[in-house]
Amino acid sequence: MFKRIAGTKDILPQETDFWLKIEKISRRVFSLYNYRQIRPPLIEEAALFNRSLGESAEIVQKQMFLIRNNSELYALRPEGTASVVRAYVENNLEKKDGLVKLYYTGPMFRLERPQKARLRQFHHLGCEVIGAYQPYIDIEVISLADRLLKDFGIGGYKVRLNSLGCAKDKSNLSSILYDKLKIKLNELCSDCQARFERNSLRILDCKNESCQVVVQGLEIGNGHLCQECRIHFEQVKQGLTLLGVDYSCSEYLVRGLDYYTRTVFEFTHPDLGRQQDALGAGGRYDNLVGDLGGNAAGAIGFAFGMERLLMVSGPLPTAQSNDLVYLITMGEAARKTGITILRDLRQAGISADTDYENRSLKGAMRRANDLGAASVLILGDNELQNKSITLKDLTTGNQREVAISTVVQELLINREPRTLPIRKAGTDHESRIK
Ligand code: HAM
């Protein structure tokens, strides 16, 4: 009798119902944030991962499922980011779509020592935003991950946040660490001793207790960050606070893949145990698109491990989605108020998006049209002063000013006839549709 390979799982029908619910909720939430699905192949040239994750990454060193085909070396994908960026560059998505907001689910493969929350075939639920350097997109991506967990009914998790800084800052941090750790090498676990020459950064998030004692004595701080990266990080933190995302900063969070720069984050859950406590993780990778042959483009994303989500899930609630509202803000003050309006719209079940590419009003209106938005909200200095916002219906062309405090309500009322099911002839609701 054949048995499944260690580290793989059969997802049987009782469990599949649970998976379908998670996938359904995530499809709805991603569409509320205006993300579209991408499905890259499971198999890629192995060199794609060597180049993206870095030769010294543990995944590349010892965890890739490799397939040799004559002179070609393929790999079963160990993660999704490299494939999505490859697809973005290869298919010219930059030219066709500008900023892209993509999500994916599917199996990933890593030749790990199998344990309860560590499989050889597991599944990612992830997203990647390519084409923006703004901190507002970091804020959107991290708050989107937070929203997903909430809609899955998962509580008790923690959000850890750090900034690695740009490539130069990161290499400064590596050399600072190298010097500090050189004299403490024999206090580190054997894995970290091996990592020391290859990738000293990784020693910071080793789970081994003796390594943690050493690391905590190093007093690293954020001194390696240049002025621009420091400001970026401050803006991300401010935005997350404004949106009520409960995070804590951890200078020890570094992540194991070479492509990360600036913001990195992790969602952890105590029920997963100490060794593998990450439900999901992500960060910026501003140099990867250029490294893989595209034009330089800021990018950020995250991935949750589906199996780990299921290990900590409670009962799953349901909800419904609406047409897209596109918010256009002018000026920094409007931008800040804007992200709270976006949050409130999405909270109310209205799909909403905004411009992250500093377009002109005309450019942003064009973008709203291209996206097929049902309406546009415009927030500038005048409106801000009056605590109001301009609401334009793109179907009728009608435009009016409404109070910021009532805009969500206004949009909900306008949509009601289109989204509610018709029950009986002659009801209030049906007559309103006519
Ligand atoms: P990662 O941290 O390697 O990041 O994986 C993301 C999540 O996948 C982990 O937090 C964990 O929940 C789950 N996971 C990883 N390995 C296993 C395993 N062997 N068994 C079960 N679950 C596992 C990435 O892969 C990045 N591509 C995330 C990202 C997207 N960064 C930017 N965009």
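The following dialogue concerns a predicted model and asks how its descriptions are justified.

Me: What makes the pair formed by E79 and the ligand a polar contact?

Reply: A polar side-chain atom of E79 lies 2.6 Å from a nitrogen atom of the ligand. A polar contact is a pair of N or O atoms within 3.5 Å, so this pair qualifies.

Me: Which atoms of T81 and A278 lead to the corresponding conclusion?

Reply: In T81, a polar side-chain atom is 2.8 Å from a nitrogen atom of the ligand. In A278, a backbone N or O atom is 2.9 Å from an oxygen atom of the ligand. The limit is 3.5 Å, therefore each of these pairs is a polar contact as well.

Me: How much of the ligand's accessible area does the protein cover?

Reply: On its own the ligand has 650 Å² of accessible area, and the protein covers 95% of it.

Me: How many residues surround the ligand, and which are the closest?

Reply: There are 26 residues around the ligand, and E79, E112, E128, R255 and Y260 are the closest. By class, 12 are nonpolar, 7 polar and 7 charged. The strand β10 gives the most to this shell, with 6 residues.

Me: Why are β1 and β8 called edge strands?

Reply: The open sheet of 8 strands has the order β1-β5-β6-β11-β10-β9-β7-β8, with mixed pairing. Both β1 (36-37) and β8 (247-249) have a single partner strand, so one side of each has no neighbour in the sheet.

Me: How do you know that β7 and β9 pair?

Reply: Strands pair if there are at least two bridges between them. Strand β7 (residues 158-163) and strand β9 (residues 261-268) are joined over 6 bridges in the antiparallel sense, so they meet that condition. Among the partners, V159 is matched with F267 in β9.

Me: What makes β3 and β4 a pair?

Reply: Strand β4 (residues 72-76) runs antiparallel to β3 and is joined to it by 5 bridges. At least two are needed, so the two strands count as paired. Across this pairing, I67 stands opposite Y74 in β4.

Me: In what order do the strands of that open sheet of 3 stand, and which are at the edges?

Reply: The order is β2-β4-β3, with antiparallel pairing. The strands β2 (43-45) and β3 (65-69) are at the edges, as each pairs on one side only. From one strand to the next, the twist averages 35°.

Me: Which helix lies across β2, β3 and β4?

Reply: Helix α2 (residues 46-53) lies across these strands and runs at about 75° to β2.

Methods: Residues numbered from 1 in each chain as written. Predicted model: local features only at pLDDT ≥ 70, side-chain atom pairs only at ≥ 80, totals over all residues. Heavy atoms only, no water. Near = heavy atom within 4 Å. Polar contact = N/O pair within 3.5 Å; in protein donor to acceptor, adjacent residues only side chain to side chain. Areas by Shrake-Rupley, 256 points an atom, 1.4 Å probe, with all protein chains shown as cover. Helix = DSSP H or I, 4+ residues; strand = E, 2+ residues; numbered from the N terminus. Nonpolar A, V, L, I, M, F, W, Y, C, P; charged D, E, K, R; others polar. Axes fitted to C-alpha atoms, helices over the stretch in contact; angles between N-to-C directions. Contact = heavy atoms within 4.5 Å.
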